[in-house]
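I opened my notebook to look through one structure, step by step. I kept each entry short.

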Amino acid sequence: MLLANFSPFAKIPNAISPLPNQIPKAGQVTERRLATPRTSGSCSFIPQAVSKDGSVPLEFDVGFPSDYSELLEQAKAATELALKDEKQLLEIEFPTAGLESVPGDGEGGIEMTGSMQLIREFCDRFIIPEKATRTRIFFPEANEVEFARKSAFGGASFKLDYLTKPSLFEDFGFVSKVKMADRVKPDDEMFLVAYPYFNVNEMLVVEELYKEAVVSTDRKLIIFNGELDRIRSGYYPPFFYPKLGALSKTFLPKLETVYYIHNFKGRNGGTLFRSYPGPWKVMRKIKGKYICLHQQEMMPSLKEVALDILPSA
């Protein structure tokens, strides 16, 4: 089932972001309905010729996408360029409740369903048919795999797998550990991990997957909408989540963020945007056009963008 044609999302009510350790109840995921992402409307971009140090050619200076179809093409191109540069651990992150949305604009289950559909479309564009059976896509739980097979990934040749499985104490945030070395097969070449953020254990399992099945191999791992900014920003207090907090020093620095969109609302709103190998750009939409206010080679923190860059632009 190809998902090349996108129709707008219905308006999604605001929702509170899921709390740490919050897990969908067994069977809950199968009750969700697929929704299609809405576009951000007509917009254009005022391009910058090169990055600040002049190292990025004009053809790599990508503008903000006008819709999800263009976004997926940009993400595909950025990922291909990163793989050519022998990057092995990649991150793709963007909002799924609308290109101008922020976390919490969409209900968590609907956002994950939107990500699932977009992952299928991304894979159809990015992975050639001959490589489909060598691509393993990890969803957070076994229930998600079953839902994917019945919906967005119906009829696909990709290998679908899961990171964790519920236990008898799932209502208290406990899940059964899945040994990643047992999940991986010798002919696997590419791993794509889908939105591993709803339970705190999921990113720890992703790190295990990287260590046991990617390091010292030719395999690649892509984290798709993992909301890693929660870990980067200290959303999880290190005192209560020491292993998760340690990822910001041991695991996240190894990541190459190849495609990224994070929006900021309010009086000094804007967008942090990057498409590999281009610079990180802080942008603002003015009269329908995205204007680059600031750019730099290293990723700025969300706090720096919100409190320093956007207010002074």
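**Pocket linings**

I began with the lining of the largest pocket and the elements that build it. Three elements each give at least two residues to this lining: α6 (229–232), β8 (256–264) and α8 (302–312). I noted that the model is a predicted one.

Next I looked up the space itself. The largest pocket has a volume of about 480 Å³. I counted 18 lining residues, and those nearest the centre are R232, L252, T257, W280 and M299. I then sorted the lining of the largest pocket by type: 8 residues are nonpolar, 4 are polar and 6 are charged.

I moved to the second largest pocket, with a volume of about 410 Å³. Here 23 residues form the lining, and E93, P103, E227, D229 and H262 are the closest to the centre. Helix α2 (108–126), α6 and β8 each give two or more residues to this lining. So which elements did I meet in both lists? I found α6 and β8 in the lining of the largest pocket and again in that of the second largest. By type, the lining of the second largest pocket holds 10 nonpolar, 8 polar and 5 charged residues.

**The whole chain**

I stepped back to see the fold. The chain has 8 helices and 11 strands. It runs to 313 residues, and 54% of them count as buried. I also checked how contacts spread along the sequence. Among contacts with a separation of 6 or more, 72% join residues 24 or more positions apart.

**A82 and K254**

I picked A82 to see such a link up close. A82 sits in helix α1. Is A82 buried or exposed? A82 is buried, because its relative accessibility is 0% and the cut-off for buried is under 20%. Leaving out residues up to four places away in sequence, A82 touches K87, L90, V258 and Y276. I also looked up A82 and T257: they are 175 residues apart in sequence, yet their C-alpha atoms are 9.4 Å apart in space. T257 was already in my notes, as one of the residues nearest the centre of the largest pocket.

Then I took K254. It lies in the loop between α7 (242–250) and β8. K254 counts as partly exposed, because its relative accessibility is 48%. Its contacts beyond four places in sequence are L89 and Y210. L90 is 164 residues away from K254 in sequence, and the C-alpha to C-alpha distance is 8.7 Å. L90 had come up before, as a contact of A82.

**S115 and N225**

I went back to helix α2, where S115 has its place. S115 is buried, because its relative accessibility is 4%. Not counting residues up to four places away in sequence, S115 touches T96, Y195, F224 and N225.

N225 made me stop. It lies in the loop between β7 (220–224) and α6. N225 is buried, because its relative accessible area is 4%. What is the sign of phi at N225? Phi is positive, about 55 degrees, although N225 is not a glycine.

**Backbone oddities**

I wrote down the general rule first. Most residues other than glycine have a negative phi, and most peptide bonds are trans. That is why I marked N225, and I looked for other cases.

E86 is another residue other than glycine with a positive phi, near 65 degrees. E86 lies in the loop between α1 (68–84) and β2 (89–93). Is E86 buried or exposed? E86 is exposed, because its relative accessibility is 68%.

I checked the peptide bonds too. The bond from Y276 to P277 is cis, with omega near 5 degrees. P277 is in the loop between β9 (270–275) and β10 (280–286). Y276 was familiar, being one of the contacts of A82.

**Rings and charges**

My last search was for aromatic rings. The whole structure holds 16 aromatic pairs. Which residues do ring pairs link into a cluster? They are Y68, F94, F122, F126 and F224. I had met F224 as a contact of S115.

I ended with charges over rings. R183 lies over the face of Y162, 4.2 Å from the ring centre. The charged end of R230 sits over the ring of Y235, at 5.1 Å from its centre.

Conventions: Residues numbered from 1 in each chain as written. Predicted model: local features only at pLDDT ≥ 70, side-chain atom pairs only at ≥ 80, totals over all residues. Heavy atoms only, no water. Phe/Tyr/Trp six-rings, centres within 6.5 Å; stacked < 30°, edge-to-face > 60°. Lys NZ or Arg CZ within 6 Å of the ring centre and 35° of its normal. 1 Å grid on protein atoms, 1.4 Å probe; cavity = no way out; pocket = protein on both sides within 12 Å on 5 of 7 lines; lining within 4 Å. Points joined across faces, edges and corners; volume = space filled by probe spheres on them. Helix = DSSP H or I, 4+ residues; strand = E, 2+ residues; numbered from the N terminus. Nonpolar A, V, L, I, M, F, W, Y, C, P; charged D, E, K, R; others polar. Buried < 20%, exposed > 50% of the residue type's maximum accessible area, 1.4 Å probe, protein only. Contact = heavy atoms within 4.5 Å.
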